[in-house]
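These are my notebook entries on what I looked up in this structure. I began with the ligand contacts, then went on to the metal site and the nonpolar cores.

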Amino acid sequence: MTIDLYPSRVKSRPEILERQDPVVYPGCEDKGPLTREQLNFYEKNGYLFLEKFFEDEEIRHFRDEMKRIWRQCRGSDAPEVIKEPDSDEVRSVFAVHRDYEAFRKLARHDKLVAAVRQILGSDVYIHQSRINFKPGFTGKEFYWHSDFETWHVEDGMPRMRALSCSIALEPNYPYNGPLMVIPGSHKKFVSCVGEAPEDHYKYSLRKQVYGTPDDESMRRLVEESAIEMPTGGIGSMLLFDCNIMHGSNSNITPYPRSNIFLVFNSVENKLVEPFSGKKPRPEYLAHREYV
Ligand code: 6CS
Ligand code: FE
């Protein structure tokens, strides 16, 4: 049984624990597009925003594919298609790198993978991929959370050696529900209260309750730091550490905030049994076989 360095949803009171893992791992720092300054910024803040990471031509192709998938998935009851909490609108589609050729290729994009390896310091694989559509008028919020808290407790991810690449397929404006991050919060692990039920993912992906931080812990994190909200046009990319506290507001504007999220995990950090002691989540949420 792997030792649980980040216990959560097991105590009666919330706790803020120290991170016990590096942020930028040694081995590949100088073998990619990120500069030393950018790696230092990422280490300190837990995220890095890159305005024009993809060329217009290539991102337009991904955008067209995203729109096609959205039309195709409307009305679908496939498990990979998650609906908004209070409507039948498509909120997310998971495992897009497995099921759609354009995104299978994107997950292997040379410049992207080189940047990820500079941070994770090893070979990497996709732990999870999804498109969050956040449609105009109906796209609902994603409450504050650490992805790692879920991936550790519910998927059995042992250590903090994973990151997300959020790539804008529609412009991320200040007003259409962009991602908000708390710089530096990746170095604190908020141990949450409240044991999630079996098959928690059937509700949490629509509106997460279990595994979210209490108000007092959130207040402390924000007061020790700030709230940043990186925004940019189509083709911009936000890299963020698996444990940074983040969330996003509802979208009441006409402008969709559709992003694809590719989550890379180090091959040195493969999933073990969920630390919750419950059965693992389905393959399309937490890949145990490489695709
Ligand atoms: O449970 C998960 O894996 C998903 N939940 C959230 C709120 N963010 C990460 C991931 O997409
Ligand atoms: Fe998240």
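Entry 1, ligand 1. Working from a predicted model, I looked up the polar contacts of ligand 1 and noted that one of its oxygen atoms is 2.9 Å from an N or O atom in the side chain of Gln-128. For Arg-130, I found a polar side-chain atom 3.0 Å from an oxygen atom of ligand 1, while for Asp-147 the partner of the polar side-chain atom, at 3.0 Å, is a nitrogen atom of the ligand. I then listed the residues around ligand 1, which include His-145, Thr-150, Trp-151, Leu-205, Gln-208 and Arg-281.

Entry 2, the iron ion. Which protein atoms serve as donors to ligand 2? I found NE2 of His-145, OD of Asp-147 and NE2 of His-246, lying 2.1 to 2.4 Å from the iron ion, and along the chain the donors follow the spacing H-x1-D-x98-H. I recorded the arrangement as irregular, because the four donor atoms subtend angles of 79 to 172°. His-145 is buried, with a relative accessible area of 9%, and Asp-147 also counts as buried, at 6%.

Entry 3, the cores. The largest nonpolar core has 42 residues, of which Leu-112, Leu-239, Leu-262 and Phe-264 touch the most other members; its largest share, six residues, comes from helix α5, residues 110–120. Leaving aside residues up to four places away in sequence, I noted that Leu-112 touches Phe-53, Phe-54, Leu-106, Cys-165, Met-237, Leu-262 and Phe-264. I also found a second, separate core of 13 residues, among them Leu-17, Phe-189, Cys-242 and Ala-286.

Technical notes
Residues numbered from 1 in each chain as written. Chains lettered and ligands numbered in written order. Predicted model: local features only at pLDDT ≥ 70, side-chain atom pairs only at ≥ 80, totals over all residues. Heavy atoms only, no water. Core = buried A, V, L, I, M, F, W, Y, C linked by side-chain atoms within 4.5 Å. Buried < 20%, exposed > 50% of the residue type's maximum accessible area, 1.4 Å probe, protein only. Helix = DSSP H or I, 4+ residues; strand = E, 2+ residues; numbered from the N terminus. Contact = heavy atoms within 4.5 Å. Donors = N, O, S within 2.8 Å, 3.2 Å for Na, K, Ca; no water. Tetrahedral: all angles 85-135°; square planar, octahedral: opposite > 155°, others 65-115°. Near = heavy atom within 4 Å. Polar contact = N/O pair within 3.5 Å; in protein donor to acceptor, adjacent residues only side chain to side chain.
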